[in-house]
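Student: Could you walk me through this one by asking what each label rests on? I'd like every label checked against its cut-off.

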Amino acid sequence: MFKIFLRKSKLPKPDSGEELSPSSSDPIVPSPVQRSGASSGAVSAPVRSNSGKRMSSAVFPASVVAGIEPLLPFKDVPNSEKLNLFVSKVSLCCVTFDFSDPNKNSIEKLVKRQTLLELLDFVASGSVRFTEPAVLAMCRMCAMNLFRVFPPSYRSIGGENDDEDPIFDPAWPHLQIVYDLLLKFITSPCLDAKMAKKYLDHAFIVRLLDLFDSEDPRERDCLKTILHRVYGKFMVHRPFVRRSMSNIFYRFVFETEKHSGIAELLEIFGSIVSGFALPLKEEHKIFLWRVLIPLHKPKSVGNYFQQLSYCITQFIDKEPKLASVVIKGLLKFWPITNSQKEVMFLGEVEEIVEAMSVLEFQKVMVPLFIRIACCVNSCHFQVSERALFLWNNDQIVNLIAHNRQAILPIMFTALEKNAENHWNQSVLNLTLNVRKMFCEMDEALFMSCHASFQEDEAEQSSAAEKRKETWERLEKAASMKPIIGKTAVMVTPLATSIAC
């Protein structure tokens with residue numbers, strides 16, 4: 001299709017007195033464009049029409065039929081025709097090309113790029129107010145160039161391989177201009193939101209959200225800005241945008257655990273949460289409990305943990321009573337075998353507890369410090385070290401001091417076991433410092449816990465000794481009984497030992 005206009009613009013001028021033959025004056029009508037996917041296409045060979053008039057098609061609107069040449073620059077047409085020329089140029093850009101082969105349709109690609117840049121300058125100038133045909137043509141062009149189905153991804157799901165390089169789309173130099181044009185168009189003061197919402201509708205927004213699964217980080221970054229502007233300009237679409245984003249999160253957490261744009265979507269939602277009015281609506285609290293907290297579950301949480309923590313912090317800043325709800329959710333999804341996730345969870349716990357009131361802290365302190373005691377006893381030194389670092393936070397130490405009667409009995413056993421047996425010297429030093437802090441807080445309580453600990457140790461030692469004696473009696477009795485038929489034989493540990 002671009003060849004048609006290129007050929008027309010390069011026709012040699014006839015010599016003086018020379019008549020044009022009837023066949024040379026026939027218009028050129030393009031054959032239908034076959035599209036394979038949304039990012040590739042082919043241009044059919046031009047054919048001559050036998051009819052004497054230009055035919056309108058789905059690609060060329062009425063302005064082209066009226067005789068406006070799409071390759072004309074905007075400066076060469078009067079102001080009254082600039083919007084028609086805009087529609088013609090936008091419709092011309094609906095043709096797509098295959099960018100995997102840089103040598104294929106190189107001239108046509110260059111012409112399309114120049115046309116898109118012209119459109120970008122025209123929209124940025126804000127000289128003409130956009131009409132419905134212009135908005136329709138623009139939305140259609142963006143849909144044909146941007147909306148596409150991505151191939152299946154075979155990269156690691158959980159982000160275990162940190163050495164994987166990001167995948168860059170070969171069509172990005174072209175897609176970037178289309179994204180910039182869409183952004184300028186949406187943010188233009190010449191676009192009436194009430195009129196444009198009919199074309200930037202729910203279907204358009206859903207397809208736009210689907211693009212966040214692109215593996216090209218540059219594309220996701222552009223989409224993040226565009227979706228944020230759509231949310232800000234089209235207030236009528238805000239509930240639908242939030243629901244659609246929730247559906248993506250649900251599908252990611254409970255079905256696939258595969259999506260490239262979770263971090264970008266959470267970044268957008270963080271800015272949305274900061275604008276929520278108080279008191280928070282019930283639907284927003286449900287989103288926190290059903291979406292944000294379960295997002296801690298996937299093993300790829302490290303890819304979007306910073307954005308997730310920001311969203312949760314925004315909720316707690318809006319309504320501090322939600323802090324205890326978040327802590328309960330974190331304890332529900334606490335990792336058992338993934339040490340890296342445990343370290344991240346402990347960091348988030350510190351950030352949340354630091355902002356909690358005494359009343360909210362008391363609601364969750366017992367289950368929370370039972371979990372922290374387990375982390376202190378972890379064989380992984382980073383987990384144990386990160387848990388002990390909580391006592392470097394003055395606000396948390398203050399909360400612990402006010403509730404030491406409940407917290408010290410929980411923590412004392414973990415601290416004593418660490419002080420006696422932990423292999424890491426850094427963890428051992430931190431443990432001794434925390435023991436000293438508790439002793440200085442309340443020496444009488446500390447000594448009481450120490451006495452209880454010694455009693456428990458004595459009871460456990462006595463129980464272990466009795467259990468050992470019982471097994472020894474059973475082994476002796478079994479060894480004295482003759483073996484008949486298929487009678488089970490008790491094998492002593494010495495009989496099964498293997499010399500190394």
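Student: What makes Lys 109 count as lying over the face of Phe 99?

Tutor: The label needs NZ of Lys or CZ of Arg within 6 Å of the ring centre and within 35 degrees of the ring normal. Lys 109 is 4.9 Å from the ring centre of Phe 99, so the distance part is met, and the "over the face" label says the angle part is too. Lys 89 gets that label over Phe 74, at 5.6 Å from the ring centre. One caveat: this is a predicted model, where local features need pLDDT of at least 70 and side-chain atom pairs need 80 or more, while totals for chains, interfaces and linings use all residues. Numbering runs from 1 along each chain as its sequence is written, and side-chain values use heavy atoms, leaving out hydrogens and water.

Student: Which residues touch the most other members of the largest nonpolar core?

Tutor: Phe 86 and Phe 130, out of 131 residues in that core. A core here is a set of buried Ala, Val, Leu, Ile, Met, Phe, Trp, Tyr and Cys residues joined through side-chain atoms within 4.5 Å. Skipping residues up to four places away in sequence, Phe 86 touches Phe 74, Leu 119, Phe 122, Val 123, Phe 130, Ala 134 and Met 138, with contact meaning heavy atoms within 4.5 Å.

Student: How many aromatic pairs does the structure hold? And why is the pair of Phe 86 and Phe 122 called what it is called?

Tutor: There are 19 aromatic pairs. For Phe 86 and Phe 122 the ring centres are 5.5 Å apart and the planes sit at 35 degrees, so that pair is tilted. The rule: rings of Phe, Tyr and Trp (its six-membered ring) pair if their centres lie within 6.5 Å, with planes under 30 degrees apart counted as stacked, over 60 as edge-to-face and the rest as tilted. Phe 86 is in helix α3 (residues 79-92) and Phe 122 in helix α4 (residues 106-125), so the pair joins distant parts of the chain, 36 residues apart; helices (H or I, at least four residues) and strands (E, at least two) are DSSP runs, numbered from the N terminus. Both Phe 86 and Phe 122 are buried.

Student: What makes the pair of Phe 130 and Phe 185 tilted?

Tutor: The planes are 55 degrees apart, with 4.9 Å centre to centre, so the pair falls between the stacked and edge-to-face limits. Phe 130 lies in the loop between α4 and α5 (132-146) and Phe 185 in helix α6 (residues 172-187), so the pair ties together parts 55 residues apart in sequence. Phe 130 and Phe 185 are both buried. Ring pairs join Phe 74, Phe 86, Phe 122, Phe 130 and Phe 185 into a cluster.

Student: Why is Lys 233 called partly exposed?

Tutor: Its relative accessible area is 25%. Buried means under 20%, exposed over 50% and partly exposed in between (1.4 Å probe, protein chains only), so Lys 233 takes the middle label. Lys 233 lies in helix α9 (residues 217-233), and its side chain reaches the backbone oxygen of Ser 188 at 2.9 Å. That is a polar contact, because N or O atoms within 3.5 Å qualify; within protein, one must be able to donate a hydrogen and the other to accept it, and residues adjacent in sequence count only if both atoms are side-chain atoms.

Student: Is Glu 319 buried or exposed?

Tutor: Buried: its relative accessible area is 17%. Glu 319 is in the loop between α13 (305-318) and α14 (322-332), and a 3.2 Å polar contact joins its side chain to that of Lys 285.

Student: What is odd about the phi of Asn 105, and what kind of peptide bond joins Leu 278 and Pro 279?

Tutor: Most residues other than glycine have a negative phi, and most peptide bonds are trans. Asn 105 has a positive phi of about 55 degrees without being a glycine, and is buried at a relative accessible area of 15%. The bond between Leu 278 and Pro 279 is cis, with omega about -5 degrees; Pro 279 is in the loop between α11 (262-273) and α12 (282-292).

Student: What is the mean pLDDT of the protein?

Tutor: The mean is 82, and 80% of the residues reach 70 or more; pLDDT is the predictor's confidence in each residue, from 0 to 100. Over residues 8-67 the pLDDT is below 50, and that stretch has 74 contacts in the model beyond near neighbours in sequence.
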